[in-house]
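Work through the exercises below with the model open beside you, and try each task before you read its solution.

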Protein chains: 2
Amino acid sequence: MIIVKLGGSVISNKNKPFSFNENVVENLAEEISQFYPEKKFLVVHGGGSFGHPLAKKYELRKGLNEERKVGFSYTHEAMLELNKKIINIFLEKNLPAFSVSPSSIFLIEKGEIVEGWLKIIEELLDKDFIPVLFGDVAIAKDKGIDILSGDQIISFLANKMKPEKVIFLMDVDGIYTKSPEEKDAELIEVIDEKLKPEGKAGVYDVTGGIKNKIEQALKMPCQVYFINGMIKGNLTKAIKGEKIGTRKKL
Amino acid sequence: MIIVKLGGSVISNKNKPFSFNENVVENLAEEISQFYPEKKFLVVHGGGSFGHPLAKKYELRKGLNEERKVGFSYTHEAMLELNKKIINIFLEKNLPAFSVSPSSIFLIEKGEIVEGWLKIIEELLDKDFIPVLFGDVAIAKDKGIDILSGDQIISFLANKMKPEKVIFLMDVDGIYTKSPEEKDAELIEVIDEKLKPEGKAGVYDVTGGIKNKIEQALKMPCQVYFINGMIKGNLTKAIKGEKIGTRKKL
């Protein structure tokens, strides 16, 4: 089984609320269809410009209070809206994608999953469905309510379900030594323990998201790719195990 | 906690695909808002004219095969569409309804739930959210895939969660001795063991659905009402425990 993460910046334009990159998702579904059903897939997508503006507007990260309850639900509904767009593109290509609501099956604490019910995901995979999960709101043991990122879902699933590989689709070519916009930025082809934050090699990371991505990737019991999902053919290369983007040293 | 079933024929016109009785749902939400948050609520709605036409078109009841996989997913998406309409009406009235996908948390066999994960529903209720579930598609141990009715969900939840009462909203005044359209049809105000199919009293039931409803109601560890959800004020009476529609002999 291969886990594919459709990054929020791949499927939508983060600067434009409720925008959806239909063509990009169509291309990705097309590439997946070349390997299905020989290979099993599980898809997780980010919130992109559907989830983030609402999570921010309602300040969901601050936890439960009376005013945020309604916003918690609106944010989930917005994510279902984005999810439906992706599901429909897969179904049109005769790929049996099926929506699984993370907020229905995961309980979190400090942003990480502490309890989950994977029975339905396992059953869906067993029957050659393609479960599609997404960054979602979630009930949290610490804050009452919180946000659950697609990356956290993948970390949890990778460790529990032992996939063949995990492929993160981003809007840049992989992980860089500097901001990809800078001239002398270099793509890091292979990540290993040396790239951990306590290591010596430099990694471009403004928000700390990349650092966390690398840490999580190194912990996963499988190969991990970080590739540019906007370029046709990249996903195919990663599925085949070819040299593309940033991958883990095995 | 009170479980309210919004029957498919109450929230939509079963003869008109994708129709939605917005005003009826608004009135019901308004009545619930008079008792919230003093009382906790859990809502389950039927498929109405969203779920049934698709379930029929794709012949989902016949179980898993390659062609039906896509239909299985389309049917779930149609149910989410109906669910969203109901959620939005509740949210507009500041009732924190939250969608829980039955297909993500229930595994069924012979149309009945044999395994379920209620953790999130319990957490939502504990935090005074109003979980909203719905008749859905489901993974089935016997047929691979199948349909899970809202009534089955209620039977399972009533027995596991011991609600204060269950209120079924229908498009007729309750359970009748004959077809409600016949002149001498009489409303049965109180149902008890004598009305079981092996009993003597007559109950109007074309499809067997009513027989099953009565059997299930008699098994629930709480009061059960069958009332007309199209008439404003009825839900309020049932919540208050007044005489309305058909109720169980306690």
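**Exercise 1: The surface and overall form of chain A**

In this predicted model, the accessible surface of chain A comes to about 10,400 Å², and carbon and sulfur atoms account for 46% of that area. Task: work out whether the radius of gyration of chain A agrees or disagrees with that of a compact globule.

Solution. Begin with the chain length: for 250 residues, a compact globule would have a radius of gyration near 18 Å. Next, take the value for chain A, which is 17 Å, and therefore agrees with the expectation. To picture the extent of the chain, note that its C-alpha atoms fill a box of roughly 50 × 40 × 35 Å along the principal axes. Finally, turn to the interior, where 59% of the 250 residues of chain A count as buried, and to the contacts between residues at least 6 apart in sequence, of which 73% join residues at least 24 apart.

**Exercise 2: A helix and its partners**

Task: find which residues of helix H3 of chain A are buried, and which elements they pack against.

Solution. First locate helix H3, which covers residues 48-57 of chain A. Its buried residues are A:Gly48, A:Ser49, A:Phe50, A:Gly51, A:Leu54 and A:Ala55. Then follow these residues to their neighbours in chain A, and you will arrive at helix H1 (8-11), helix H4 (66-92) and strand S8 (144-148). Just after the helix, A:Glu59 takes a positive phi of about 50°.

**Exercise 3: A residue in a strand**

Task: decide whether A:Ile139 is buried or exposed, and list the residues that it touches beyond four places away in sequence.

Solution. Start with the position of A:Ile139, which lies in strand S7 (residues 136-140) of chain A. Because its relative accessibility is 1%, and buried means under 20%, A:Ile139 counts as buried. Within its own chain, A:Ile139 touches A:Phe72, A:Phe106, A:Leu107, A:Ile108, A:Gly144 and A:Ile145, while from chain B it touches B:Ile120, B:Glu123, B:Leu124 and B:Lys127. As a last step, consider A:Ile108, which is 31 residues from A:Ile139 along the chain, although their C-alpha atoms are separated by 6.3 Å.

**Exercise 4: A residue in a loop**

Task: describe where B:Ser101 lies and which residues it touches beyond four places away in sequence.

Solution. Look between strand S3 (97-99) and helix H5 (102-105) of chain B, where B:Ser101 lies in the loop. With a relative accessible area of 1%, B:Ser101 is buried. B:Ser101 touches A:Ser101 and A:Ser104 from chain A, together with B:His76, B:Leu80, B:Phe134 and B:Asp136 from chain B.

Notes. Residues are numbered from 1 along each chain as its sequence is written. Chains are lettered from A and ligands numbered from 1 in the order in which they are written. This is a predicted model: local features need pLDDT of at least 70, side-chain atom pairs count only at pLDDT 80 or more; totals for chains, interfaces and linings use all residues. Side-chain values use heavy atoms; hydrogens and water are left out. Helices (H or I, at least four residues) and strands (E, at least two) are DSSP runs, numbered from the N terminus. Buried means under 20% relative accessible area, exposed over 50%, partly exposed in between (1.4 Å probe, protein chains only). Contact means heavy atoms within 4.5 Å. The radius of gyration is taken over C-alpha atoms; the globule rule is 2.2 Å times the number of residues to the power 0.38. Accessible areas come from the Shrake-Rupley method with a 1.4 Å probe; for residues, only the protein chains shown count as cover.
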